[in-house]
Amino acid sequence: MELSLYQIDAFAKRPFSGNPAAVCPLKMWLPDQLMQAIAAENNLSETAFFVSTGKGYHIRWFTPTAEVKLCGHATLATAFVLAEILGMTEVCFNFASLSGPLSVYRDGDLYTLDLPAQLPIPCPTPAIIIEAFSEQPRCCLAAEDLLVIFNSEAQISGATPNLELLRQLDKRGVAIAAPGDQADFVTRFFAPDIGIPEDPVTGSIYTQLVPYWASETGHCNFNVRQISARGGELQCQLVGPRVRISGYACKYSEGKITIANSY
């Protein structure tokens, strides 16, 4: 069996920046264990698989170690593949997913994710967080991930957390954020328990961070920087119960993978 595979840098205008995602179009679903094996072999933060439904697309995402319910950058990468490589002409790509219906709007080279907002709830700061970062944050909030808010961009850029301690938390991952020097806020994201020590640019965390910063500032529009080693820039907007996340993408590679008949 031969499958097409594309590697796309999402939230990036040029290769070697943003967040790389693998995108694998399918005519029908493969066994879960095979999709997980492909994602592990790709060894990227996420591999997206999608199947056309006639009225849109069904999408699933796998890290090297687990299937996840939501991934923003790999969804944006999938819309890029549909438009720029497979020649689909929709202005809006609609996806069914484990997180419900998702949409990606295309305006020229700019892609906008429309995702359900997750309102984070304030919570006590876990002792593990203080130990892992060797610093007391301003506050903590919980949704799908743990959100850890600090006071300055320097604290975010200089953070070197103990990843083994973060594995002990009962959350998908840990997002740290603070007001930015040249952006409304900056962030980084760590998810070692699902095979992602640090994710370069993480679309899904903004479904949690944007409602938080909107409640803190009274604003609904944000220019955001994720200040990982690769880095990425995003435009985010809170619209009622949804978060819109806009960015660019570019192709790094495309090819074929061959699956042994034993699968």
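In the hairpin formed by β3 and β4, 4 residues lie between the strands, and one residue there, G54, takes a positive phi near 95 degrees. This hairpin belongs to a predicted model, and it offers a handy starting point for a walk through the strands around β4.

Strand β3 covers residues 47–52, and it runs antiparallel to β4, with 6 bridges joining the two. Within this pairing, F49 stands opposite R60 of β4. On leaving β4, the chain enters another hairpin, in which 4 residues lead from β4 to β5. Strand β5 consists of residues 67–68, and its antiparallel pairing with β4 rests on 2 bridges. Here W61 has V68 of β5 as its bridge partner.

A further neighbour of β4 is strand β6, made up of residues 92–97; these two strands pair in the parallel sense, again through bridges, 2 in number. In this pairing H58 of β4 faces A96 of β6, the two residues standing opposite each other. How enclosed is strand β4 by the rest of the structure? Of its 6 residues, numbered 57–62, 5 are buried, so the strand is largely enclosed by the rest of the structure.

Attention now turns to the open spaces of the model. Rolling a probe the size of a water molecule over the atoms shows where empty space is left. The largest pocket found has a volume of about 400 Å³. Its lining is made of 22 residues, and the closest to the pocket centre are F11, A12, G232, E233 and L234. Three elements give two or more residues to this lining: β15 (221–226), β16 (232–239) and β17 (242–247). Sorted by class, the lining of the largest pocket holds 10 polar, 7 nonpolar and 5 charged residues.

The second largest pocket contains about 170 Å³ of space. Which residues line the second largest pocket? From the beginning of the chain come M1, E2, L3 and S4, then P25, L26, K27, M28 and L30, and lastly K256. The elements that give two or more residues to the lining of this second pocket are β1 (2–10) and β2 (19–26). Of the elements, β1 gives the most to the lining, namely 3 residues. By class, the lining of the second largest pocket divides into 6 nonpolar, 3 charged and 1 polar.

Key:
Residues numbered from 1 in each chain as written. Predicted model: local features only at pLDDT ≥ 70, side-chain atom pairs only at ≥ 80, totals over all residues. Heavy atoms only, no water. 1 Å grid on protein atoms, 1.4 Å probe; cavity = no way out; pocket = protein on both sides within 12 Å on 5 of 7 lines; lining within 4 Å. Points joined across faces, edges and corners; volume = space filled by probe spheres on them. Nonpolar A, V, L, I, M, F, W, Y, C, P; charged D, E, K, R; others polar. Buried < 20%, exposed > 50% of the residue type's maximum accessible area, 1.4 Å probe, protein only. Pairing = 2+ DSSP bridges.
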